[in-house]
Amino acid sequence: MADSRGGPLVLGIETSCDETGVGIVQGHTLLADAVASSVDEHARFGGVVPEVASRAHLEAMVPTIQRALKDAGVAASDLDGIAVTAGPGLAGALLVGVSAAKAYAYALGKPLYGVNHLASHICVDQLEHGALPEPTMALLVSGGHSSLLLAPDITSDVRPLGATIDDAAGEAFDKVARVLHLGFPGGPVIDRYAREGDPEAIRFPRGLTGPRDAAYDFSFSGLKTAVARWIEAKRAAGEEVPVADVAASFQEAVVDVLTRKAVRACKDNGVDHLMIGGGVAANSRLRAMAARRCEDAGITLRVPRPKLCTDNGAMVAALGAEMVARGRAASDWDLPADSSLPVTEPHVPGTNGHDHDHGHGHHDHDHVHELSKENLYG
Ligand code: KG4
Ligand code: ZN
């Protein structure tokens, strides 16, 4: 049975974007990963429509929870806790997950853990490669985020080193795919076309790689515009657009910058482990180039399998299990869904939360919440 595997048994709920994810883990062991995606409903709009996503979460929530419990072969009453993405993400979409998590946790008499979506993307690798080394460097690349994060403790200490100043990496893939009329989401189809193309056919710009540019920030908006202009010029001249070469050259520019900056962040900070997560981590060229550059730099690369890189509930359960294992405080029942939850808050104890672990920093944060509650209620 589940108990023999060791570690806390936690169900995690993820609804920050268009995937209704429910995962169940025991410690570092994945027991179930049920995902219902509304991506097809957004395809004709070329991007995620928040209202459509919220409605789809509402419809998928209970069946997806039931499916996860069945897949894992555990009873809800056996759970040690329920974790949920408290943010960042789409406000209405987050609210569905947070409300469901509260309802289940309250009805079952289980502790509730509001966790950060970005920290969850990092923590999911424990299900693939075991305990995360501390510190770990993480490159998170998806349709919504592109960040370099230093994580000395995934449950309490995550530090942002850099992020995109405009488009996310996945967003650039989606926009370039739209210009090429390849449909949505763009990443997988560009990845496929790029395999037939020449990555050196067109030299597209590498954003923010000049000597005076921020070492760990990213910019993909200029690249996206350069690709669009190049395609327009071809079309205006009545020439055929070499889709595979454009896809390969664009992808090369993105992957070159991502891997270069990630390896540099590791070297500068003396970190010898790099994890890559988020939907773009499924990219075959990113995986290959990261593997080569990490090997050259003596860095151990950890990339979870693609299904764990895209949004899912298992990643939330993985971080929830780590919270339980480390004695972090459960969240209060007034846990808010916070669409702009800072990455520096892996864990949202709520307005009344107390962290049980006094060995790590970040207690000021809990304290501030307590003070503000005192002010509110006397
Ligand atoms: O993590 P995710 O499922 O959702 C969030 O955005 O949070 O990531 C989706 C993004 C999309 O932009 C999609 O185009 C991109 O990940 N993506 C890829 C690949 N597979 C998915 N980008 C590049 N190459 C891929 N193979
Ligand atoms: Zn995500």
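**Notes on the ligand 1 site**

1. Start with the surroundings: ligand 1 has 20 residues around it, and the closest are Gly143, Asp174, Gly187, Asp191 and Asn283. Keep in mind that this is a predicted model.

2. Two of those glycines make polar contacts through their backbones. For Gly143, a polar backbone atom sits 2.8 Å from an oxygen atom of ligand 1. For Gly187, the distance from a backbone N or O atom to a ligand oxygen is 2.9 Å.

3. Asp311 joins in with its side chain: one of its N or O atoms there is 3.1 Å from an oxygen atom of ligand 1. As for how covered the ligand is, it has 560 Å² of accessible area on its own, and the protein covers 89% of that.

4. If you're scanning the surface for pockets, the largest one is the space that ligand 1 takes up. Two elements give two or more residues each to the shell around the ligand, namely helix H6 (169-179) and helix H7 (186-194). Of the elements, H7 gives the most, with 4 residues.

5. What is the shell around ligand 1 made of, in terms of nonpolar, polar and charged residues? Polar residues number 11, while 5 are nonpolar and 4 are charged.

6. Finally, it helps to zoom out to the domains. Why can we say that ligand 1 lies between domain 1 and domain 2? Because domain 1 (9-128 + 309-348) and domain 2 (139-303) both give residues to its shell. When you turn the model on screen, try finding Gly143 and Gly187, with their backbone contacts to ligand 1, and then the side chain of Asp311.

Key
Residues numbered from 1 in each chain as written. Chains lettered and ligands numbered in written order. Predicted model: local features only at pLDDT ≥ 70, side-chain atom pairs only at ≥ 80, totals over all residues. Heavy atoms only, no water. Near = heavy atom within 4 Å. Polar contact = N/O pair within 3.5 Å; in protein donor to acceptor, adjacent residues only side chain to side chain. Areas by Shrake-Rupley, 256 points an atom, 1.4 Å probe, with all protein chains shown as cover. 1 Å grid on protein atoms, 1.4 Å probe; cavity = no way out; pocket = protein on both sides within 12 Å on 5 of 7 lines; lining within 4 Å. Sits in = over half its atoms within 2 Å of the grid points. Nonpolar A, V, L, I, M, F, W, Y, C, P; charged D, E, K, R; others polar. Domains from an automatic or database assignment.
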